[in-house]
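Here are my notes after going through the model, set out point by point. Have it open next to you as you read.

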Amino acid sequence: MTQLWIRAEHRANEDRVGITPQGAASLLAKGFRVTIEDSKTRTIGIEEYRQAGCIIAAENSWPGASKDTIIFGLKELPEDDKPLHHRHIMFGHAFKGQHSGRALMHRFKAGGGQLYDLEYLVDEMGRRVAAFGYWAGYAGASVSTKCWIDQQNGQDCAPIAANKNKDALLNSLTTDLVALKRPLPKAIVIGALGRVGTGAVDLCGALGIAVTRWDMAETDYGGPFPEILNHDIFLNCIMARPGTPVFVSQEDLARPRKLCVIGDIACDPDSDYNPIPIYGAATSWDRPAVRVSKTPPLDVMAIDNLPSLLPLESSLDFASQLLPWLLELDKLDQGIWRRAADAFEKNLTEV
């Protein structure tokens, strides 16, 4: 019997979940055993999972699960040096040169466990089968716009909090833009044709912000890209990978520019391939942006769990995409699960 254990997310401001009670019921109906940890913050209450038939476990009790149990979460595990013995499904952020990812891979190597990275669950064409991208783009564009508003008011970007829904988010931003009594900013989105970029463009459109849409055709020549500096807001929706060009460099900070806010929605500051190498660490909900230049000001927003700004909508969307593949967890030697295992094993040899 396949055993799936849904762990609680431990990091602050992470309310999302990768499976709904209805999805858990589908797994149970197929004969899976499903355990879910209690959580004080999960956007869907534990009683709904109990009613679906899940076994309820204490928060952070997954290390005691039997070795053949598959542990499912979204964001990273607590950082420590304990070997990892289980098979884990999560966003590992470990295969693209991230320095913190190397420590995670050492833990898997020491414990004999395995990572099925959600970012590497891909179909035969290499396309991801489930992603939070749209809501990352939508939320990232909203925080970047808020950062621009606060900057125009002579303030640092204020702390953010999860929203009830996207209508509440839009109403708040619209009110702030109207109160500002000045022309709306102009934005450029790189990666506009992808899921993340589509979300960013949609948020800007909902607020009436004019958007220049770039994708591979506009960036293939490798730069430099002075056009970016002529926009108020730059939203990066391109994941870091070998060959990704630099979009804004340290040298650009000294050049004339309108650019005053960068929303690095892809958020790979820890990668060797970071396309915005003017900052070195992700920002937080308490401090959404870091100032990288004072005259004129330039702030970088780089929060790495943006979809949790709209936790319910993003969870429902992601869970519906992922469920068909979770239902195939009894076929780990085939299809997307085999491809994810191959990606892990390839990277493990480099540790």
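1. Let me start with a side-chain-to-backbone pair: a polar atom of the Tyr221 side chain sits 2.9 Å from the backbone oxygen of Pro224. Keep in mind throughout that this is a predicted model. Tyr221 belongs to the loop between helix 7 (216-219) and strand 9, and Pro224 is in the loop between helix 7 and strand 9 as well. Tyr221 also has a partner further along the chain: Pro245 is 24 residues away in sequence, with a C-alpha to C-alpha distance of 8.7 Å.

2. Pro224 deserves a second look for its backbone. The peptide bond joining Gly223 and Pro224 is cis, with omega at about 5°. Another cis peptide bond joins Thr295 and Pro296, where omega is about -15°. Pro296 is placed in the loop between strand 11 (289-294) and strand 12.

3. While we're on backbone angles, check Lys181 and Cys267. Phi of Lys181 is near 55°, a positive value in a residue that isn't glycine, and phi of Cys267 is likewise positive, near 55°, again in a non-glycine residue. Lys181 is in the loop between helix 5 and strand 7, while Cys267 is in the loop between strand 10 (261-264) and strand 11. Which of the two is buried, and which is exposed? Lys181 has 76% relative accessibility, so it counts as exposed. Cys267 comes out at 10% relative accessible area, so it is buried.

4. Now the inside. The largest nonpolar core has 39 residues, and the members touching the most other members are Trp148, Leu235 and Ile265. Helix 4 (133-152), helix 5 (166-180), strand 7 (186-190), helix 6 (195-207) and strand 9 (233-236) each put at least two residues into this core. Helix 4 has the largest share, with 9 residues. As background, nonpolar side chains tend to be buried together in soluble globular proteins.

5. Trp148 is a good residue to click on. Leaving out residues up to four places away in sequence, Trp148 touches Leu177, Leu180, Arg182, Pro183, Leu184, Pro185, Asp232, Ile233, Cys260 and Val261. There is also a second, separate core, made up of 33 residues, with Val34, Leu322, Leu326 and Leu329 among them.

6. Next, the loop between strand 12 (297-301) and helix 8 (311-326), which holds Ser308. Is Ser308 buried or exposed? Its relative accessible area is 0%, so Ser308 is buried. The side chain of Ser308 makes a polar contact of 3.2 Å with that of Glu14. With residues up to four places away in sequence set aside, Ser308 touches Asn13, Glu14, Asp15, Arg16, Ala162 and Trp285.

7. Asn305 is in the loop between strand 12 and helix 8 too. Asn305 has a relative accessibility of 1%, so it counts as buried. What does its side chain reach? A polar atom of the Asn305 side chain is 2.9 Å from the backbone oxygen of Asn13. Beyond four places in sequence, the residues that Asn305 touches are Arg11, Ala12, Asn13, Glu14, Arg16, Lys75 and Trp285. Compare that with Ser308, whose contacts include Asn13, Glu14, Arg16 and Trp285.

8. How many cavities of 30 Å³ or more turn up in a search of the whole structure? The search finds 2. The largest has a volume of about 70 Å³. It is lined by 14 residues, of which Arg7, Glu9, Arg16, Val17 and Arg42 are the closest to its centre. Sorted by class, that lining has 5 nonpolar, 4 polar and 5 charged residues. Arg16 is worth following between views, as it is also touched by Ser308 and by Asn305.

9. One last residue, Pro324, which is placed in helix 8. With 42% relative accessibility, where the partly exposed range runs between 20% and 50%, Pro324 counts as partly exposed. Pro324 and Val129 are 195 residues apart along the chain, yet their C-alpha atoms are separated by 9.5 Å.

Definitions and conventions
Residues numbered from 1 in each chain as written. Predicted model: local features only at pLDDT ≥ 70, side-chain atom pairs only at ≥ 80, totals over all residues. Heavy atoms only, no water. Core = buried A, V, L, I, M, F, W, Y, C linked by side-chain atoms within 4.5 Å. Buried < 20%, exposed > 50% of the residue type's maximum accessible area, 1.4 Å probe, protein only. Helix = DSSP H or I, 4+ residues; strand = E, 2+ residues; numbered from the N terminus. Contact = heavy atoms within 4.5 Å. Polar contact = N/O pair within 3.5 Å; in protein donor to acceptor, adjacent residues only side chain to side chain. 1 Å grid on protein atoms, 1.4 Å probe; cavity = no way out; pocket = protein on both sides within 12 Å on 5 of 7 lines; lining within 4 Å. Points joined across faces, edges and corners; volume = space filled by probe spheres on them. Nonpolar A, V, L, I, M, F, W, Y, C, P; charged D, E, K, R; others polar.
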